[in-house]
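Here is a short report on one protein chain and its ligand. Look over the fold before reading on.

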Amino acid sequence: MATYRLLYISIEGNTESFVKKLAAVAEAEGDQLSLLEVGDEVNPVHEKAPFVVLVPTYLNGGTGTGPEVVEIFTNALGDYVDFGNNARYIRGVIGSGNRNFNDQYILTAKRYAEKFQVPVIGDYELRGTPREAEKIFARIKETLGE
Ligand SMILES: Cc1cc2nc3c(=O)[nH]c(=O)nc-3n(C[C@H](O)[C@H](O)[C@H](O)COP(=O)(O)O)c2cc1C
């Protein structure tokens, strides 16, 4: 049995719903998740082991992918990863969003990946599906090790 550390932020509950799907897959496979929902009210702590983050996309301004498009609502997660030495332990990013946003689909996750120099290991729309949770859990296991 292994434990996988996931940090996430969820403004409207979709990411939280997907995390529950991941937890169900983990349990079915005899594994477990160590979860932290980061929000403005969470005091950052020093992470001690590798983790993966799940971030939805909330962007404001501009019409495309240029730098004028600004991250809103989810900044607390980026700040948490930036805190202390936490960025040493990030291993991957899972992005979510809505394909109606075209080029901006999962752009926040792509920006985190670039900033912290780790891969985007999965993506899904809105609440995701159980099948997507199975696929992405497999990627989490590969990324964080058995
Ligand atoms: C104001 C606003 C801006 C959004 N901007 C984007 C975007 O630029 N790209 C994208 O893929 N999804 C975008 N979305 C969709 C959200 O990322 C999507 O609904 C996500 O599942 C929300 O996750 P949450 O319920 O965990 O907060 C936006 C949603 C809102 C309400």
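Buried residues make up 32% of the 146 residues in the protein chain. A residue is buried if 20 or more other C-beta atoms lie within 10 Å of its own, exposed if 12 or fewer, and partly exposed in between, with C-beta atoms placed from the backbone. This is a predicted model: local features need pLDDT of at least 70, side-chain atom pairs count only at pLDDT 80 or more, and totals for chains, interfaces and linings use all residues. Residues are numbered from 1 along each chain as its sequence is written.

**Overall fold**

The protein chain holds four helices and seven strands. Their order along the sequence is β-α-β-β-β-β-α-β-α-β-α. Helices (H or I, at least four residues) and strands (E, at least two) are DSSP runs, numbered from the N terminus.

The C-alpha trace spans about 45 × 35 × 25 Å along its principal axes. The radius of gyration is 14 Å, which agrees with the value near 15 Å for a compact globule of 146 residues. That radius is taken over C-alpha atoms, and the globule rule is 2.2 Å times the number of residues to the power 0.38.

Contacts reach far along the sequence. Of those between residues at least 6 apart, 73% join residues at least 24 apart. Two residues are in contact if their C-beta atoms, placed from the backbone, lie within 7 Å.

**Helix 4**

Helix 4 covers residues 130-144, 15 in number. From first C-alpha to last it reaches 21 Å, close to the 21 Å expected at 1.5 Å a residue. The expected span is 1.5 Å times one less than the number of residues.

Ala 133, Ile 136, Phe 137 and Ile 140 are buried in helix 4. They lie on the same side of helix 4, because they cover an arc of only 110 degrees around the axis. The arc is that of the directions from the helix axis to the C-beta atoms. An α-helix has 3.6 residues a turn, so residues three or four places apart point the same way.

The buried residues of helix 4 pack against strand 1 (3-8), helix 1 (14-28), strand 3 (51-56), strand 6 (90-97) and strand 7 (120-125). Exposed Arg 131 and Glu 142 sit on the face turned away from the buried side. Gly 145 follows helix 4, with a positive phi near 85 degrees.

**Helix 3 and its flanks**

Helix 3 (residues 107-116) has Thr 108, Ala 109, Arg 111, Tyr 112 and Ala 113 buried. Their cover includes strand 4 (59-60), strand 5 (70-71) and helix 2 (75-82).

Which loop residues flanking helix 3 have a positive phi without being glycine? They are Ile 106 and Gln 117.

| Residue | Phi | Loop | C-beta neighbours inside 10 Å |
|---|---|---|---|
| Ile 106 | near 50 degrees | strand 6 to helix 3 | 25, buried |
| Gln 117 | near 60 degrees | helix 3 to strand 7 | 8, exposed |

**Ligand shell**

19 residues surround the ligand, and the closest are Glu 12, Asn 14, Thr 15, Pro 56 and Gly 97. A residue counts as near if its C-beta atom, placed from the backbone, lies within 6 Å of the molecule. Helix 1 and strand 6 are the elements that give two or more residues to this shell. The shell divides into nine nonpolar, nine polar and one charged residue. Ala, Val, Leu, Ile, Met, Phe, Trp, Tyr, Cys and Pro count as nonpolar, Asp, Glu, Lys and Arg as charged, and the others, Gly among them, as polar.
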